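Biologist: Please pick one turn in this chain and take me through it closely. Then show me how its surroundings fit together.

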Amino acid sequence: MERVVDLDEAAAVLVRQAVGWRMAGLDVARMAWRDAEASWPDSLETDRARLHDPDSVGVVISGPGGAELAVVLFRGGWADVDFIAAPDDAGSLPASGIASASDFAARMNQWVARVFEGGHA
């Protein structure tokens, strides 16, 4: 898989952003990593140091009323983004063409606003 996004930089972005999310009352789970060299079935690891060649990093953010945002960023420049904002407002959000950790940071802000503040991504 092509390396478009530096996952360690993206993880640092998540750590910085998580401070504000927690101050806003959201619960931010530990990041989970997947190693490209892991044998099948894939297993997730919360300790980055245990991975040789990470190909994704993910996080789950939860809020009031059962709202939840699950994001898995792949080093190839796309993410799987699934959410539940309300019982009748759930699904996936478009997330391709992510060019850098700063691009990912901006998109995370949009996704968090969409799910937890009622905005639209």
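Modeller: Let us start at Gly77, which lies in the loop between β5 and β6. Those labels come from DSSP runs: helices are H or I runs of at least four residues, strands are E runs of at least two, and both are numbered from the N terminus. A word on the source: this is a predicted model, where local features need pLDDT of at least 70 and side-chain atom pairs count only at pLDDT 80 or more, while totals for chains, interfaces and linings use all residues. Residues are numbered from 1 along each chain as its sequence is written, and side-chain values use heavy atoms, with hydrogens and water left out.

Now the turn itself. The hairpin of β5 and β6 has three residues between its strands, and Gly77 takes a positive phi near 100° there. Is Gly77 buried or exposed? Gly77 counts as buried because its relative accessible area is 4%. The cut-offs are under 20% for buried, over 50% for exposed and partly exposed in between, with a 1.4 Å probe and protein chains only.

What does Gly77 touch? Beyond its neighbours within four places in sequence, Gly77 is in contact with Val4, Val5, Ser96, Gly97 and Ile98. Contact here means heavy atoms within 4.5 Å. Thr46 is another matter: Gly77 and Thr46 are 31 residues apart in sequence and 21 Å apart in space, C-alpha to C-alpha.

Follow Ser96 to the next residue. The side chain of Arg107 reaches the backbone oxygen of Ser96 at 2.9 Å. That is a polar contact: a pair of N or O atoms within 3.5 Å; within protein, one must be able to donate a hydrogen and the other to accept it, and residues adjacent in sequence count only if both atoms are side-chain atoms. Arg107 belongs to helix α2. Arg107 is classed as buried because its relative accessibility is 17%. Leaving out residues up to four places away in sequence, Arg107 touches Ala95, Ser96, Gly97 and Ile98.

Back to the strands on either side of the loop. β5 and β6 (residues 78-86) pair antiparallel over seven bridges. Two strands pair if DSSP finds at least two bridges between them. Leu73 stands opposite Ala79 in β6. Go on along the chain, and a hairpin of two residues joins β6 to β7. Four bridges link β6 and β7 (residues 89-92), which run antiparallel. Asp82 faces Ser92 in that pair.

Now go the other way. β4 (residues 54-62) and β5 (residues 68-74) are antiparallel too, with seven bridges. Five residues separate β4 and β5 in their hairpin, and Gly65 in the turn has a positive phi of about 70°. Ser56 is in β4, and its bridge partner in β5 is Phe74. Why is Ser56 called buried? Its relative accessible area is 4%, so Ser56 counts as buried. Not counting residues up to four places away in sequence, Ser56 touches Leu7, Ala32, Trp33, Arg34, Val72, Leu73 and Phe74.

β4 has another partner. β2 pairs with β4 in the antiparallel sense over four bridges, and Asp35 has Pro54 as its bridge partner. β2 also pairs antiparallel with β3 (residues 44-45), over two bridges. There, Trp33 stands opposite Glu45.

Next comes helix α1. Its buried residues are Leu7, Ala10, Ala11, Val13, Leu14, Gln17, Ala18 and Trp21. They pack against β1 (27-28), β2 (32-35), β4, β5 and α2 (101-116). Asp6 caps the N-terminal end of α1, with a side-chain oxygen 2.9 Å from the backbone nitrogen of Asp8. α1 bends by about 30° at Gln17. That bend is the angle between axes fitted to the seven residues ending there and the seven starting there. After α1 comes Gly25, with a positive phi near 95°.

Last, the core. The largest nonpolar core has 31 residues, and Trp21, Ile61, Leu69, Leu73, Phe104, Met108 and Trp111 touch the most other members. α1, β4, β5, β6 and α2 are the elements that give two or more residues to this core. A nonpolar core is a set of buried Ala, Val, Leu, Ile, Met, Phe, Trp, Tyr and Cys residues joined through side-chain atoms within 4.5 Å. In soluble globular proteins, nonpolar side chains tend to be buried together.
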